[in-house]
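Grab a coffee and work through these exercises with the model open beside you. Each one sets a task and then walks through a solution.

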Amino acid sequence: MKLLKNHASAVALTIFPFTALQANELNPDVSVILDGYYKQNNTALSHREEGFGLGHTELSLSSPIDDLFEGRLTAVLEEHESETELELEEAFLQTTGMPYNLSIRGGRFLSQVGYLNSRHLHEDDFVERPAAYRALLGSHYFDDGLRLNLLLPTPFYWQIGAEAFDGGRMSEGDEDIGVYTVNTRFGGDISRSQSWQAGLSYLNNRQIHGEHEEEHGHEDEHEEEHDHGHGPAYTGENLYIADLVWKWAPEGNNRQQQLTLSGEYLYADDLNEDATSDDVHKGWYASAVYQFAPQWSAGVRYGEVDLKEAHGDHFHDQELEETDVMLAWSHSHFSTVRLQYTHQEAHGFEDADNTVMLQYVMSFGAHGAHGF
Amino acid sequence: MVSKRLFLTLLIGLASLPAQASLNVFACEPEWADLAGILVPEARMTVATSAYQDPHYIEARPSLIAAMRNADIAVCTGASLEAGWLPSLLRKAANRDIQPGRPGLFFAADQVPLHQPHDHVDRSMGDVHPEGNPHVHLDPDALPRIADALAERLASISPEQATDIQRRLLQWKVRWNLSKAEWRDKADDLKGMTVGVQHSGFHYLLRWLDVDVAFDLEPKPGLPPSASHLNAVLQDPDLPEASAIMVALYQDDRPAHWLSERTHLPVLVLPGTVTGKEAATSLESLLSHLVNELHQLAPKQTVESDG
């Protein structure tokens, strides 16, 4: 034991020159995401306008707060009709010291429903989220609330979680707790080269029926006028999402090659007081992305969404089918340039079109996470 | 009454399960699984990566989250090697024993001084780690220090095994020192030798052996070899002096072979860590294998040292 101590002090002495560097670690991790694009034509249900534009410019700070909490702050700058909006997308604290593999998150954060929703937009393989996500979740649903997650003591991965949100970013209403979600996820490895994850989510939007009728009708019109991409344009009292992801990399070495297949199905019903049981929103997508060399990936995605647009006491059918093909080049971990072609076929959308997009996503600062 | 007793027995059975079971060790890389396995051989070991994988690029996938959830200790390299996936894994596993600053998270690179620390780092330099080169597991002098620290850590987590751990540590160190003497003998023949590399994975061993790096196939650390960089390497005046091009198992060996065709330098595709197979069943055999492979190419081999 004494020998060990001697060694330790010797090590401490030799390490001493680096302490100046380590003091730096008290600063939070800072990361900036630059996202810019050129888009040939306007498309339906899109948050990106034609021409040159900026997408989701993000500034993020994260750090352990103490030995029990960590925190994260993400501010997003977005342009809408040449007005720059500053939005807080994340401002949350999370516990790191809870027993039984429990974790609690509070503040503003991305809901964990579905596969894509809890991911940041810049991690995506395509310029925009699938049409079903854009319509039903406003691309990514985040709100103020509380989350409780539990990892079950099983030999495979099994997580259950529940969230309660203010709901103001889903639809307008008076409920204090407007949105509840529950979510479960399973996953594992099939072999050294293959792994998978499946999830089921349910989102309950209590504000659909929580208001006075007159007010509702009025606000509907109001909402259509300034539909600037934050809350989703299509909602229902119940939203169900099933997701499945499968990844393959030879020997699990995803540096060289990786194939990712993913798909989700979204279904929303009980759209408002006037809705019959036939009035539902539903949509799905399936995507295949193949990273065929360390710096190159190609992908194709097909998605559909069938929507009901509320017009007073009745609904109009809307349909959108979308096919995306993309090629991306990532010089390093921190820089990606993407070329994408999108083909839309629609019923009930005036602005559906085909378009070519060129996008860059660059990050500087802290190293991003490689989530599954 | 019967059901109540049954329930109680079940409850007690469940509660005592973790105590009876041996230690659960989560090793980020195979080298640390080997080292921990020597100190606590009966531990249940999960290895997050293999010699066929680039440890920088792993994803925090579900199976790893589940393994981290059940672990008593995680043994990792540190120095930002796992920066892309370990923090995410720790967050998702929500295992309060394994968090930065807790005894359950052991970083090998924190136990020894690293080579090439940088006062200034920016990303235009490539994937450079400010703490220094993290691939410390191939340094014959660093490993005993890391083993000391790991033994101490394991003993603090599992005090009832402390004497066994200490005994196994001493036995391992004796074997290690004997092997080290052999490597040292062979290193005498390697003096003045230079090699080409792809990334700095073998750096610590080469430095210990006094073998110089003539060129690196990566234009910047972490970037894959590019055509323009390979052409520049081809013009490198140090190139003809080199004895071989070393490539790790997980790397694409085509750039090395491209260069080999033009220079007739032999390509050594070598395990960068313990594979569990043939020549690299343990850290010790891995280092012996690497030293032997280099020794076979030594420019001035003498008859005595061949044995």
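Rings of Phe, Tyr and Trp (its six-membered ring) pair if their centres lie within 6.5 Å, with planes under 30 degrees apart called stacked, over 60 edge-to-face and the rest tilted. A quick word on ground rules: this is a predicted model, where local features need pLDDT of at least 70 and side-chain atom pairs count only at pLDDT 80 or more, while totals for chains, interfaces and linings use all residues. Residues are numbered from 1 along each chain as its sequence is written, chains are lettered from A and ligands numbered from 1 in the order in which they are written, and side-chain values use heavy atoms, leaving out hydrogens and water.

**Exercise 1.** Count the aromatic pairs over all chains, then classify the pair Tyr133(A) and Tyr285(A).

*Solution.*
- Over all chains, you should get 14 aromatic pairs.
- For Tyr133(A) and Tyr285(A), the ring centres sit 6.4 Å apart and the planes meet at 70°, so call this pair edge-to-face.
- Now place the partners: Tyr133(A) belongs to helix α3 (residues 131-137) of chain A and Tyr285(A) to strand β13 (residues 281-293) of chain A, so the pair ties together parts 152 residues apart in sequence. (Helices, H or I with at least four residues, and strands, E with at least two, are DSSP runs numbered from the N terminus.)
- Both Tyr133(A) and Tyr285(A) come out buried, meaning under 20% relative accessible area (exposed is over 50%, partly exposed in between; 1.4 Å probe, protein chains only).
- Elsewhere, ring pairs join Phe92(A), Phe109(A), Tyr141(A) and Phe165(A) into a cluster.

**Exercise 2.** Find what lies over the faces of Phe372(A) and Trp208(B).

*Solution.*
- Use this test: NZ of Lys or CZ of Arg within 6 Å of the ring centre and within 35 degrees of the ring normal.
- Over Phe372(A) you'll find Lys247(A), 4.7 Å from the ring centre.
- Over Trp208(B) it's Arg184(B), at 3.9 Å from the ring centre.

**Exercise 3.** Track down the disulfide and work out its handedness.

*Solution.*
- Look for cysteine sulfur atoms within 2.5 Å of each other; over all chains, that gives one disulfide.
- Cys28(B) and Cys76(B) are the partners, S to S 2.0 Å.
- The torsion about their S-S bond is about 50°, so this disulfide is right-handed.
- Cys28(B) is in the loop between β1 (24-27) and α2 (30-39) of chain B, and Cys76(B) is in strand β3 (residues 73-76) of chain B, 48 residues apart.
- Cys28(B) and Cys76(B) are both buried.
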